Amino acid sequence: MANMHGTIPRIDFAGIDPTAAAGPGGDSSRWAAVRAAVMDALCEHGGFEAVMDGLISPELTAAMMGPGGAAESFFSLPPGTKALYTNKEKLYLGYVASFIPGMPYESLSVMDPLSSDAVPSLAGLMWPGTGNPSFCETVQAYMEKVSALEAVVRRMVLESVGAAAEHAGEQGKTTSLRLRLSAYPAPGTAEGRVGLPAHRDTSLLSVLTQNGIDGIEVELGRGAGGGGGGEWARPEQSPVVGGKGGWARPTLSPGGFLVLAGDMLRVLTNGRVFSPLHRVVVAGERTRYSCILFSNPGDDVVVRAVDGAVDAEHPAVYKPFVYSEYLGFIFSKEQYKNPNKLETFAAVGIDG
Ligand SMILES: O=C(O)CCC(=O)C(=O)O
Ligand SMILES: [Fe+2]
């Protein structure tokens, strides 16, 4: 059990203007210091806890994640109502309930949550007649704030690997955002139960918050020991304690966010940034809600390392590919349990 509760770094974004990502860029010493800490954490573990005081008011956090807030009000709807938002073609979009037997879990994914119509059209289906304006306002305001943090982190990473400013801007234009709200019913026991099996995100970045209930665990140290200890598996095959590098189980401070790198940021940085295995293990009496903002390349974007990350000493480690092709690959049956899908799909030298 050694290392079970190691920690991932906590980075304080005090002094960083959350709108800085849209501006000419940060060249202050504070920006450079935070950027270095971000890069260290993402290269070493693939994640960190971000604290950006003042980004989101306690009232907005409560309206989104607290009792009676937006997350809870969605999941409290009747099953038949929530099911109206199911996307039959792409299960990772829309509403999903308990897709793994024995693992009660529900999630709701909304593409492009900052667009003027995405959240209202969900709310119009869920609350016909009223369209629940306060739900819409809360979710949109919350997403706007979280997306500012996401953009700051993304810009810091791209700058660190020498992406030209235009490239950072270009990435911004071709990045699509997705909101995912998830609910993990309480097992009612102190003993942990796997709520979501270990996996890596396919995103560029994933920025997560929770309703004060811990549960997410992140494999430490680039899967130290090789291969890592988790895989996408059934509950009985996914031990609660495991992982050769150990699992961190971060307790997010109020207003804190867990930032994880996904496979696509790993590609953009030519493998410098790591996309860690992570999973959810829940215990106790209270339902856990999480809220994640994913940034992804657009479906038809060719994903490749940025120019500054590839040189004679650092040859490209992944072949360029179209993002939607990667999605098609990872959701195929054969790949379901493969913990290293990106390497299988795109590593240079795999099949010439
Ligand atoms: O809900 C969580 O804490 C994590 C969920 C997750 O990893 C995912 O949806 O990709
Ligand atoms: Fe994830």
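**Figure 1. Ser206 is a buried residue: at 2% relative accessibility, it falls under the 20% limit.** We start our tour of this predicted model with a serine in strand E7, which covers residues 205–210. Look for the partner of its side chain: Ser206 makes a polar contact with the side chain of Ser203, at 2.9 Å.

**Figure 2. Three residues of the protein hold the iron ion (ligand 2) as donors.** These are His199 and His278, each through NE2, and Asp201 through OD, and they lie 2.1 Å from the iron ion. Reading along the chain, you will find the donor residues spaced as H-x1-D-x76-H. The two histidines link distant parts of the chain, for they are 79 residues apart: His199 belongs to strand E6 (residues 193–199), and His278 to strand E11 (residues 278–282). Are these two histidines buried or exposed? His199 has 14% relative accessibility and therefore counts as buried. His278 is buried too, because its relative accessible area is 5%.

**Figure 3. Ligand 1 is surrounded by 13 residues.** Which of them come nearest to ligand 1? They are Arg180, Tyr184, His278, Arg288 and Ser290. Two of the iron donors, Asp201 and His278, also turn up in this view. A polar side-chain atom of Asp201 is 3.1 Å from an oxygen atom of ligand 1. For His278, an N or O atom of the side chain is 3.0 Å from an oxygen atom of ligand 1. Arg288 offers a polar side-chain atom at 2.9 Å from an oxygen atom of ligand 1. How much of ligand 1 does the protein cover? On its own, ligand 1 has 300 Å² of accessible area, and the protein covers 98% of that.

**Figure 4. Ligand 1 takes up the space of the largest cavity.** Step back a little to see the elements around it. Those that give two or more residues to the shell around ligand 1 are strand E5 (175–184), E6, E11 and strand E12 (288–297). Which element gives the most to this shell? It is E12, with four residues.

**Figure 5. Thr202 sits in the loop between E6 and E7.** This threonine has a relative accessible area of 14%, so Thr202 is buried. For a sense of scale, compare its position with that of Met65, 137 residues away along the chain. The C-alpha atoms of Thr202 and Met65 are separated by 25 Å.

**Figure 6. Asp112 and Asn132 both have a positive phi without being glycine.** Most residues other than glycine have a negative phi. For Asp112, phi is about 55 degrees, and this residue is in the loop between E4 and helix H5 (118–126). For Asn132, phi is near 40 degrees, and the residue is in the loop between H5 and helix H6 (133–160). Their surroundings can be read from the accessibility values. Asp112 has 42% relative accessibility and so counts as partly exposed. Asn132, at 17% relative accessibility, therefore counts as buried.

**Figure 7. Ser107 has its place in strand E4, residues 106–111.** Is this serine buried or exposed? Its relative accessibility is 4%, so Ser107 counts as buried. Phe75 is 32 residues from Ser107 in sequence, and their C-alpha atoms are 8.6 Å apart in space.

**Figure 8. Met103 is in the loop between strand E3 (94–97) and E4.** With a relative accessible area of 3%, Met103 is buried. To place this methionine within the fold, follow the chain to Val152, 49 residues away in sequence. Measured as a separation in the model's coordinates, Met103 and Val152 are 35 Å apart, C-alpha to C-alpha.

**Figure 9. Gly328 lies in helix H9, residues 323–330.** This glycine has 48% relative accessibility and therefore counts as partly exposed. Glu343 is 15 residues away from Gly328 along the chain. How far apart are the C-alpha atoms of Gly328 and Glu343? They are separated by 15 Å.

Note on methods:
Residues numbered from 1 in each chain as written. Chains lettered and ligands numbered in written order. Predicted model: local features only at pLDDT ≥ 70, side-chain atom pairs only at ≥ 80, totals over all residues. Heavy atoms only, no water. Donors = N, O, S within 2.8 Å, 3.2 Å for Na, K, Ca; no water. Buried < 20%, exposed > 50% of the residue type's maximum accessible area, 1.4 Å probe, protein only. Near = heavy atom within 4 Å. Polar contact = N/O pair within 3.5 Å; in protein donor to acceptor, adjacent residues only side chain to side chain. Areas by Shrake-Rupley, 256 points an atom, 1.4 Å probe, with all protein chains shown as cover. 1 Å grid on protein atoms, 1.4 Å probe; cavity = no way out; pocket = protein on both sides within 12 Å on 5 of 7 lines; lining within 4 Å. Sits in = over half its atoms within 2 Å of the grid points.
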